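The exercises below are meant for someone meeting this structure for the first time. Please try each task with the sequence and the model in view before reading the worked solution.

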Amino acid sequence: MKILVTGGTGFIGSHTCVELLESGYDVVIIDNLSNSKKEVVDYIKQITNKKISFYEQDVCNKDSLRNIFKEHSIDAIIHFAGYKAVGESVENPLMYYRNNIDSTLSLLEVANEFNVKKIVFSSSATVYGNPKTLPIREDFPLSTTNPYGSTKLIIEGILRDLYKSDNDWSIALLRYFNPIGAHKSGLIGENPNGIPNNLMPYIIKVATKELDCLGIFGNDYNTHDGTGVRDYIHVVDLAKGHVKAIEKILKGTGCDAYNLGTGNGYSVLDLVNTFVKVNNVDVKYKFKDRRAGDIDACYADPSYAYKELNWKAEKGIEEMCKDAYNFIKKQ
Ligand code: UD1
């Protein structure tokens, strides 16, 4: 079975390629390397000792896509490619709508031409907006607070409409909570350029003294210690969820959404303190004002994914912190 992975050299994409290859799937990656490096392809090969096909191309380019579909007999697609920075999406919404939606439409149109009607889409818990109760179930109301989130919700809608129009499609919408950690080899992981937006990359840059001090956005949230609570999930667990979703969509047809989270909520301080303890490092922090758009707490009810995909997260917060730091130390 051959899987086309768009954005396969990114953080979640690269870990998913490893898990696919180790489960016996063939992998074809298309990535324009706008937020990743070509070396990742070699690291994936090194970890798995398997061959992969890699195309440095933009998913928006339909002719390039057609050539890939001509060259390979694709059985299913996992679509990761897209811009993902919340703040940047607020500053430059048109760029986000153009890139994320256009690439998805191109991909779906070409897939349809080649009669490939099985796709896993990389969505996000951001589609739940500010949930009224916790834990979050898949049937909760959907809304967004920024253009990045809106692109995820719009694409979910496009895929639902596509299934309604043609019941041969088989679609899994995977709503990720907060992926952190890295592969045990230390070869692939997350290392954004510049000042990170997300918590774990920021903690790491303070631990390695690239940055002075972590700003914790708010200590007056309605949580056990006042700092924001999130459902951090090990990226390898998340990657395994994609393999399960592929197994599911290969079996039948339909369009369904699944939470990929652990079901556990940890605060910013919980994460910082665990990171400091397991890695034996200092992480200086100070409290700052709340960040616009942040919510008190967000964690999944992952039971639907367990029931339908036979998947659940297995790695704990200590392992996430250790593996994330191990990757950075090896860079
Ligand atoms: C955000 C996005 C989510 C996206 C994810 C990964 C929203 C509302 N959230 O999640 O869609 O999938 O990034 O790209 O669209 N924090 C600090 N200091 C920092 C950074 C973060 O205190 O320097 C706190 C935040 O206030 C929050 C927690 O850490 O409580 C996690 O933040 P972050 O890692 O940015 O993820 P989310 O905002 O949950």
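## Exercise 1: Two backbone angles

Task: decide whether Asn280 is buried or exposed, and then place this residue along the chain.

Solution. Asn280 counts as exposed, because its relative accessibility is 72%, where exposed means over 50% relative accessible area, buried under 20%, and partly exposed in between, with a 1.4 Å probe and protein chains only. The model is a predicted one, in which local features need pLDDT of at least 70 and side-chain atom pairs count only at pLDDT 80 or more, while totals for chains, interfaces and linings use all residues. Residues are numbered from 1 along each chain as its sequence is written, and side-chain values use heavy atoms, with hydrogens and water left out. Along the chain, Asn280 sits in the loop that runs between helix 9 (268-279) and strand 13 (285-288); helices (H or I, at least four residues) and strands (E, at least two) are DSSP runs, numbered from the N terminus. Asn280 is not a glycine, yet its phi is positive, at about 55°.

Task: find the loop that holds Leu33, and say what its phi is.

Solution. Leu33 belongs to the loop between strand 2 (26-31) and helix 2 (39-48). Although Leu33 is not a glycine, its phi is positive, at about 60°. Leu33 counts as buried, because its relative accessibility is 17%.

## Exercise 2: A cis peptide bond

Task: state which form the peptide bond from Leu134 to Pro135 takes, and where Pro135 lies.

Solution. The bond from Leu134 to Pro135 is cis, and its omega is near -5°. Pro135 is found in the loop between strand 5 (118-124) and helix 6 (147-165).

## Exercise 3: Cysteines without a partner

Task: determine how many disulfides a search of the whole structure finds.

Solution. The search finds zero disulfides, a disulfide being a pair of cysteine sulfur atoms within 2.5 Å. Starting from Cys213, the closest cysteine sulfur is that of Cys321, and the two cannot be bonded because 18 Å is too far. Starting from Cys321, the closest cysteine sulfur is in Cys298, and this pair is also too far for a bond, at 18 Å. Cys321 counts as buried, since its relative accessibility is 0%.

Task: describe the surroundings of Cys60, including which residues it touches beyond four places in sequence.

Solution. Cys60 lies in the loop between strand 3 (53-56) and helix 3 (62-71), and with a relative accessible area of 26% it is partly exposed. Leaving out residues up to four places away in sequence, Cys60 touches Asn99, Asp102, Ser103 and Ser106, where contact means heavy atoms within 4.5 Å. Arg98 is 38 residues from Cys60 along the chain, and their C-alpha atoms are separated by 9.6 Å.

## Exercise 4: Three residues in helices

Task: for Tyr97, name the helix and give the contacts outside its sequence neighbours.

Solution. Tyr97 is in helix 5 (residues 93-113), and it counts as partly exposed at 29% relative accessibility. Apart from neighbours within four places in sequence, Tyr97 is in contact with Asp102, Pro147, Ser150, Thr151 and Ile154.

Task: work out whether Ala324 is buried or exposed, and which residues it touches.

Solution. Ala324 lies in helix 11 (residues 317-329) and counts as buried, because its relative accessibility is 4%. Not counting residues up to four places away in sequence, Ala324 touches Gly181, Ala182, Met200 and Ile204. Glu190 is 134 residues away from Ala324 in sequence, while the distance in space is 7.7 Å, C-alpha to C-alpha.

Task: locate Val86 and list its contacts.

Solution. Val86 lies in helix 4 (residues 86-91), and at 38% relative accessibility Val86 counts as partly exposed. Its contacts, residues up to four places away in sequence aside, are with Asn146 and Tyr148.

## Exercise 5: The chain as a whole

Task: state how many helices and strands the protein chain has, and what percentage of its residues count as buried.

Solution. The protein chain has 11 helices and 14 strands. Of its 331 residues, 54% count as buried. Among contacts between residues at least 6 apart in sequence, 80% join residues at least 24 apart. The C-alpha atoms fill a box of roughly 55 × 45 × 40 Å along the principal axes.
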